[in-house]
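Let's practise reading a protein model together. Keep the sequence and the 3D view open, and try each task before you read its solution.

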Amino acid sequence: MRGNFIPCNTWNSTRVNNTEVLLPSLSPKEYSLVKSENKNLDFSYEKFSFSNELTETLKAFTNLSLDFVSTKENSLNKVVSLELNEENNQLVDIIKIKAEENSTLNLALDYFSKEDVKGFRHTIIEVEAEENSNVKIFISQRFSLDILSIQSVYYKVKKNANVEFIQVDLGSKENYLSYIGELVEKEANVSINSIYFGKNNQKLDFNYVANQIGRATNYDLSIKGALADRAQKTCRATIDFKRGSSTSKGSEQEYVTLLSDDIRNVAVPILLCTEDDVEGLHAASAGKIDEDILFYIMSRGFSETEAKRLILESKFAETIDLIDNEEIRKRVYTTLSKKLSEV
């Protein structure tokens, strides 16, 4: 099945217009580690997921539904740990998040497994941020390299609302990630800070699409990653300034460190515009670790592996330190250090 479609196709020969995923053999299976919680939220944006065809196919396998709501009177601050293990090795979850007017919502979703677990995860996360709301969502994926992971995020942001995503991807043999959103009203603000690390034969496939519709909206996407061994990564990042979005600003930037000559790294930054008086910025860069910096750190008594780990951790720290929950932040640093120590 195909997914992660870009809004404006380029030459088919480049093989970046979409990607293909092969599903494992699945059967309906219970997920017993977390109970479903439904609050009768009446919106659905599944058509904006990684793949409509895939979403329809997997509806019969949905085994977890979670709804989160914040109100002006009752803010939400919650951490949800979602583990895959030998018994619960299949997770097909739908998470709906609604921040009502003038409310605050802070949610951490930590997906993880032990090293030897084999499994499958398909997640759809839908976010609505009403006027003057403040939303912060942290999502981590710390799976073994024997798990196929597909994650879709859709966000709809209204007047003067602020939505911040922190995305951490440190595992999965195949990792598909989709962020599609709409800044629909005046002065809506969205920021996405993402880090990733790929090694061995991992496949990472990302697609970010921001539709800036309202006047004076702001969108900022910052991605930092590192690739080692024979890992392959494709990152599509699109900003689309729709008619009516005058004085809006959009920025998309990706920086990747290459730790091997055998990796495959593809960046597809796209700017689309049908409006005057907007500011759009896109940048993508890839390069190896600076030899002078590496030599300097090693001259202080560190091994080459330790020096590389310190350099990469410093690049990722700015994003990881945005995580409010101290325990989750420690878990991410521990996972990252272990991954980097094996390079």
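Below are six exercises on this predicted model, each with a worked solution.

**Exercise 1. The overall build**

Find how many helices and strands the protein has, and decide how its radius of gyration fits its length.

*Solution.*
Step 1: Begin with the secondary structure. There are four helices and 18 strands in the protein.
Step 2: Turn to the radius of gyration. It is 20 Å, close to the 20 Å that the globule rule gives for 343 residues, so the protein is as compact as a globular protein of that length.
Step 3: Add the dimensions. The C-alpha trace spans about 55 × 50 × 45 Å along the principal axes.
Step 4: Look at burial and contacts. Of the 343 residues, 54% count as buried. Among contacts between residues at least 6 apart in sequence, 84% join residues at least 24 apart.

**Exercise 2. The nonpolar cores**

Which residues of the largest nonpolar core touch the most other members?

*Solution.*
Step 1: Take the set as a whole. The largest nonpolar core has 55 residues.
Step 2: Pick out the residues that touch the most other members. These are I97, Y155, F165, Y179, I192, Y208 and Y219.
Step 3: Zoom in on I192. Apart from neighbours within four places in sequence, I192 is in contact with Y155, F165, Y179, Y208, Y219, D220, L221 and S222.
Step 4: Search for another core. A second, separate core has 23 residues, including L170, L259, L294 and L312.

**Exercise 3. Two residues with a positive phi**

Where do E187 and D277 lie, and is each one exposed or partly exposed?

*Solution.*
Step 1: Recall the usual case. Most residues other than glycine have a negative phi.
Step 2: Check E187. It is not a glycine, yet its phi is positive, about 60°. E187 sits in the loop between β11 (174–183) and β12 (189–198). With a relative accessible area of 34%, E187 is partly exposed, because this value falls between the 20% and 50% cut-offs.
Step 3: Check D277. Its phi is also positive, near 55°. D277 belongs to the loop between β17 (264–273) and β18 (279–287). D277 counts as exposed because its relative accessibility of 56% is over 50%.

**Exercise 4. The largest pocket**

Identify the element that gives the largest share of the lining of the largest pocket, then look at K339.

*Solution.*
Step 1: Start with the volume, which is about 340 Å³ for the largest pocket.
Step 2: Find the centre. Of the 14 lining residues, S113, E115, T335, K338 and K339 are the closest to it.
Step 3: Assign the lining to elements. β6 (104–113) and α4 each give two or more residues, and α4 has the largest share, with four residues.
Step 4: Sort the lining by class. It divides into three nonpolar, four polar and seven charged residues.
Step 5: Follow K339, which lies in helix α4 (residues 326–341). K339 is buried because its relative accessible area of 14% is under 20%. Leaving aside neighbours within four places in sequence, K339 is in contact with F143, L145, L170, G171 and F197.

**Exercise 5. The second largest pocket**

Which element gives the most to the lining of the second largest pocket?

*Solution.*
Step 1: Note the volume of this pocket, about 280 Å³.
Step 2: Locate the lining. It has 16 residues, and R15, N18, T19, K203 and R236 lie nearest the centre.
Step 3: List the elements. β2 (19–20), β13 (203–212) and β15 each give two or more residues. β15 gives the most, with four residues.
Step 4: Sort by class. The lining has two nonpolar, six polar and eight charged residues.

**Exercise 6. The cavities**

How many cavities of 30 Å³ or more does the structure hold, and what lines the largest cavity?

*Solution.*
Step 1: Count them. The structure holds two cavities of 30 Å³ or more.
Step 2: Describe the largest cavity, with about 60 Å³ of space. Of its 13 lining residues, C235, A237, E254, P269 and A283 are the closest to the centre.
Step 3: Sort this lining by class. The largest cavity has nine nonpolar, one polar and three charged residues in its lining.
Step 4: Move on to the second largest cavity, with a volume of about 50 Å³. Its lining includes E46, T55, H122 and I124, and divides into four nonpolar, three polar and two charged residues.

Key: Residues are numbered from 1 along each chain as its sequence is written. This is a predicted model: local features need pLDDT of at least 70, side-chain atom pairs count only at pLDDT 80 or more; totals for chains, interfaces and linings use all residues. Side-chain values use heavy atoms; hydrogens and water are left out. Buried means under 20% relative accessible area, exposed over 50%, partly exposed in between (1.4 Å probe, protein chains only). Contact means heavy atoms within 4.5 Å. On a 1 Å grid over the protein atoms alone, a cavity is a set of points where a 1.4 Å probe fits but cannot get out, and a pocket is an open set with protein on both sides within 12 Å along at least five of seven lines; lining residues have an atom within 4 Å of a point. Grid points are joined across faces, edges and corners, and a volume is the space filled by probe spheres set on the points. Ala, Val, Leu, Ile, Met, Phe, Trp, Tyr, Cys and Pro count as nonpolar, Asp, Glu, Lys and Arg as charged, and the others, Gly among them, as polar. A nonpolar core is a set of buried Ala, Val, Leu, Ile, Met, Phe, Trp, Tyr and Cys residues joined through side-chain atoms within 4.5 Å. The radius of gyration is taken over C-alpha atoms; the globule rule is 2.2 Å times the number of residues to the power 0.38.
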